[in-house]
Amino acid sequence: MVLLVPGEGSRSMAQKLAKLTGWHVGEADFKTFPDGEDYARILTGVKGQDVVVVQTGYPTARLWKLLLLLNAARENGAASLRCVVPYLPYARQDRLFLEGEALSARLVADTIRIYAKEVVTVEPHKEEVAAFFHGMLRSVNAIEPFAREFKSRSIDVVLAPDAGARPRAEAVASHIGAKADHLEKKRLSGDHVEMKPKSLDVRGKRVAILDDIISTGGTMVKATEQLVKQGAAMVLCAGVHGLFIGDAVGRLKMAGAEEVISSDTIESPYSRVSVAEGIAASLGVPASVRR
Ligand code: R5P
């Protein structure tokens, strides 16, 4: 039997995985000492078990707790050790941009690899980080669950905030017979920049803007304001990973977004889309067995 051990950031993801796979969910206890040092203890026996630690990487303090859980599982005799890190942190620093920098994405991979023989994540910011895991990283995409969600909301157009994010928007749009496009910045004057879909007219359309990460919300605020100006009937802001720093959601609503949603890679009240099925499949549980 496989034992899922959730960290505090991914308890409901572990429950969803348990429901899909029939595996058990274990319990862990965390404390922080007065000097700031973290303590972790897996309360469920792990000796001889195939353990899957489930812990997302945002906020980044959760990365350390992920490592504590992996260490606890190994020190206490787990037979095998894998982990699910729904949001993989530090994936932006996948190369040295400036001399003297740390290569944080490799550091994260190297440290997790000390313990886990397999790592499952969801749409890392840069797919290139997979190389640091030496074939141990399985990356799940969120295309189908977002497509289902957009279909239920009768979305006409799926927009990527930039050309780089367009393949994801196209993949989701093609599932539901919607149109896809990406936003282009056009300088109208010295200090006036317009953001417009490259080729589509959004007037009267129900538009979803889909990005991999909504962090401060700055990118989507600009896009939403422009789409509202251009006559979109409705704007839905969607991010695979919803970090929602500060009042990101409030700012998006002020800009005219009807709703803000994300997947459950980082659990929040906005996690309307679940990537649990894709993760279960990546852990080797075939659809015929999933409940
Ligand atoms: C950029 O590379 C990412 O794909 C997102 O567009 C970015 O992280 C969004 O950040 P923010 O919400 O702060 O504009």
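This short presentation walks through a predicted model, from its parallel sheet to a few individual residues.

Good morning. I shall begin with the sheet. Six strands form an open sheet, in the order E2-E1-E5-E6-E7-E8, and the pairing is parallel. Strand E2, residues 24-25, and strand E8, residues 137-140, stand at the edges. Each of these two has a single partner strand, so one side of each is left without a neighbour in the sheet.

Let us now move inward. Strand E1, residues 2-6, is joined to E5 by 5 bridges, and the two run parallel. Within that pairing, Val2 has Asp50 in E5 as its bridge partner. Strand E5, residues 50-54, is in turn joined to E6 by 5 bridges, again in parallel. Here Asp50 stands opposite Ser80 in E6. Asp50 therefore appears in both pairings, as the partner of Val2 and as the residue facing Ser80.

How does the chain cross from E5 to E6? The path goes through helix H2, residues 61-75, and this β-α-β crossover is right-handed. The loop between E5 and H2 contains Pro59. The peptide bond from Tyr58 to Pro59 is cis, with omega near -10°.

On the other side of E6 comes strand E7, residues 119-122. These two strands pair in the parallel sense over 3 bridges, and Val84 stands opposite Val120 in E7. From E6 the chain crosses through helix H3, residues 104-115, to E7, and this β-α-β crossover is right-handed.

Are the residues of E6 buried or exposed? In this strand, residues 80-85, 6 of its 6 residues are buried. Ser80, Arg82 and Val84 point one way, while Leu81, Cys83 and Val85 point the other way. Residues on both faces of E6 are thus listed as buried.

I turn next to two helices. Helix H4 covers residues 143-152, and its buried residues include Ile143, Phe146, Ala147 and Phe150. What covers the buried residues of H4? The cover includes strand E9 (157-160), helix H5 (166-176), strand E12 (206-214), E13, E14 and E15. A general point about helices helps in reading such a list. An α-helix has 3.6 residues a turn, so residues three or four places apart point the same way.

Just after H4 comes Ser154, in the loop between H4 and E9. Its phi is near 50°, a positive value in a residue other than glycine. Ser154 is partly exposed, with a relative accessible area of 47%.

Helix H6, residues 218-229, allows a simple check of geometry. At 1.5 Å a residue, its 12 residues should span 16 Å, and the end C-alpha atoms are 17 Å apart, which agrees. The buried residues of H6 are Gly218, Met220, Val221, Ala223, Thr224, Gln226 and Leu227. H6 is followed by Gly231, whose phi is also positive, near 90°.

The next residue to consider is His241, which lies in strand E13. At 1% relative accessibility, His241 counts as buried. Which residues is His241 in contact with, leaving aside its neighbours within four places in sequence? They are Pro86, Tyr87, Val122, Glu123, Asp212, Ile213, Ile214, Thr265 and Ile266. His241 and Pro124 are 117 residues apart in sequence, and their C-alpha atoms are 9.5 Å apart in space.

Finally, I come to the aromatic rings. The structure holds 4 aromatic pairs. In one of them, Phe244 and Tyr270 have ring centres 5.2 Å apart and planes at 70°; planes over 60 degrees apart count as edge-to-face, so this pair is edge-to-face. Phe244 lies in the loop between strand E13 (234-242) and helix H7 (248-255), and Tyr270 in the loop between strand E14 (259-263) and strand E15 (271-273), so the pair ties together parts that are 26 residues apart in sequence.

The accessibility of the two partners is given next. Phe244 is buried, with a relative accessible area of 13%, whereas Tyr270, at 26%, counts as partly exposed. Phe244 also has a positive phi, near 45°, in a residue other than glycine.

A further ring takes part in an arrangement with a charge. The charged end of Lys31 sits over the ring of Tyr39, 4.8 Å from its centre.

Thank you for your attention.

Key: Residues numbered from 1 in each chain as written. Predicted model: local features only at pLDDT ≥ 70, side-chain atom pairs only at ≥ 80, totals over all residues. Heavy atoms only, no water. Phe/Tyr/Trp six-rings, centres within 6.5 Å; stacked < 30°, edge-to-face > 60°. Helix = DSSP H or I, 4+ residues; strand = E, 2+ residues; numbered from the N terminus. Buried < 20%, exposed > 50% of the residue type's maximum accessible area, 1.4 Å probe, protein only. Lys NZ or Arg CZ within 6 Å of the ring centre and 35° of its normal. Pairing = 2+ DSSP bridges. Right-handed = clockwise from strand over helix to strand, strands pointing away. Contact = heavy atoms within 4.5 Å. Expected span 1.5 Å × (residues − 1).
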